[in-house]
Amino acid sequence: MSRIGNNPIAIPEGVSVEVNESIITVKGKLGELTQEFSAVAIKIEDGQVWVTRPSDSKEHKAKHGLYRALVLNMVKGVSTGWTKELELVGVGYRASNQGQKLELALGFSHNIVLDLAEEVKLETISDKGKNPIIKLTSFDKQLVGQIAAKIRGFRRPEPYKGKGIKFVGEQLRRKAGKSA
């Protein structure tokens, strides 16, 4: 059984954490995040955030670890930020951006154009001889992950040649294909 909820969260310099009844607000140099919580108590003592549960019931144990992880992600996000990188593998697959508009050429009859939220910083890298890379950066881990999953969902990697959109460093399960 994991006891991750018992560990304190250190508050780095330049980050302020406020708790009002059932809402926690974290402010930092990159942005501001808020999160509602229930069934746990959150206290700030000596530059650390402590998450405690009132009892050992199954619901309280589950929410104890959940809210501790969410608060840690918020603190890391507003201080250093989160980054996801996607790689386009396939002949003719291209990515380009105009500000917050991402344009993908993935072998369909039309290009896919996606408008991204202002909180997410978008960068496309196209080096000759290498696969195009889409780099998403933000202070909100949930938002970056959701947008990366949506982009990946346009053309998931297939198991025979590995063509599609994959995360950088992702290991794909490959199949042998037909044997002659």
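Reader: Which residue forms a salt bridge with Asp56?

Author: This is a predicted model, in which local features need pLDDT of at least 70, side-chain atom pairs count only at pLDDT 80 or more, and totals for chains, interfaces and linings use all residues. Residues are numbered from 1 along each chain as its sequence is written, and side-chain values use heavy atoms, leaving out hydrogens and water. A salt bridge is a side-chain nitrogen of Lys or Arg within 4 Å of a carboxyl oxygen of Asp or Glu. With the closest N and O atoms 3.1 Å apart, the partner of Asp56 is Arg53.

Reader: Is Asp56 buried or exposed?

Author: Buried means under 20% relative accessible area, exposed means over 50%, and partly exposed lies in between (1.4 Å probe, protein chains only). Arg53, at 28%, is partly exposed. Because the relative accessible area of Asp56 is 56%, this residue is exposed.

Reader: By how many helical turns are Lys63 and Glu59 separated?

Author: Lys63 and Glu59 form a salt bridge, with closest N and O atoms 3.4 Å apart. Lys63 is partly exposed at 22% relative accessible area, and Glu59 is partly exposed at 47%. Helices (H or I, at least four residues) and strands (E, at least two) are DSSP runs, numbered from the N terminus. Because the two residues are four apart in helix H1, their separation is about one helical turn.

Reader: How far apart in sequence are the parts that Lys166 and Glu87 tie together?

Author: The side chains of Lys166 and Glu87 meet in a salt bridge of 3.7 Å, N to O. Lys166 lies in strand S13 and Glu87 in strand S7, so the parts they tie together are apart in sequence by 79 residues. Both Lys166 and Glu87 are buried, and the separation to remember is 79 residues.

Reader: How many salt bridges does a search of the whole structure find?

Author: Side chains of opposite charge can pair when their charged atoms come close. Asp56 with Arg53 is one such pair. For the whole structure, the number of salt bridges found is five.

Reader: What is the relative accessible area of His64?

Author: His64 lies in helix H1. Leaving out residues up to four places away in sequence, His64 touches Gly5, Asn6, Val40, Val51, Thr52 and Arg53 (contact means heavy atoms within 4.5 Å). His64 is buried, with a relative accessible area of 3%.

Reader: At what angle does helix H1 run to S4?

Author: Axes are lines fitted to C-alpha atoms, for helices over the stretch in contact, and angles run from 0 to 180 degrees between N-to-C directions. Helix H1 covers residues 58–79 and lies across S3 and S4. Its angle to S4 is about 170°.

Reader: Which strands stand at the edges of the sheet S2-S3-S4?

Author: This open sheet of three strands has antiparallel pairing, where two strands pair if DSSP finds at least two bridges between them. Each edge strand has a single partner strand, so one side of each is left without a neighbour in the sheet; these are S2 (16–20) and S4 (32–36).

Reader: Which residue in S4 stands opposite Ile23?

Author: Strand S3, residues 23–27, pairs with S4 in the antiparallel sense over five bridges. Opposite Ile23 stands Glu36.

Reader: What is the order of the open sheet of four strands?

Author: Its pairing is antiparallel, and S11 pairs with S12 over five bridges. In that pair, Lys121 stands opposite Thr137. Helix H2 lies across S7, S12 and S13, at about 5° to S7. The order of the sheet is S11-S12-S7-S13.

Reader: Which element gives the largest share of the largest nonpolar core?

Author: A nonpolar core is a set of buried Ala, Val, Leu, Ile, Met, Phe, Trp, Tyr and Cys residues joined through side-chain atoms within 4.5 Å. This one has 20 residues, and Leu88, Leu102, Leu104, Ile134, Leu136 and Ile151 touch the most other members. Strands S7, S9, S10 and S12 and helix H2 each give two or more residues. The largest share, five residues, comes from H2.

Reader: How many residues are in the second, separate core?

Author: Nonpolar side chains tend to be buried together in soluble globular proteins. The second core includes Phe37, Val49, Val51 and Val78, and its residues number 18.
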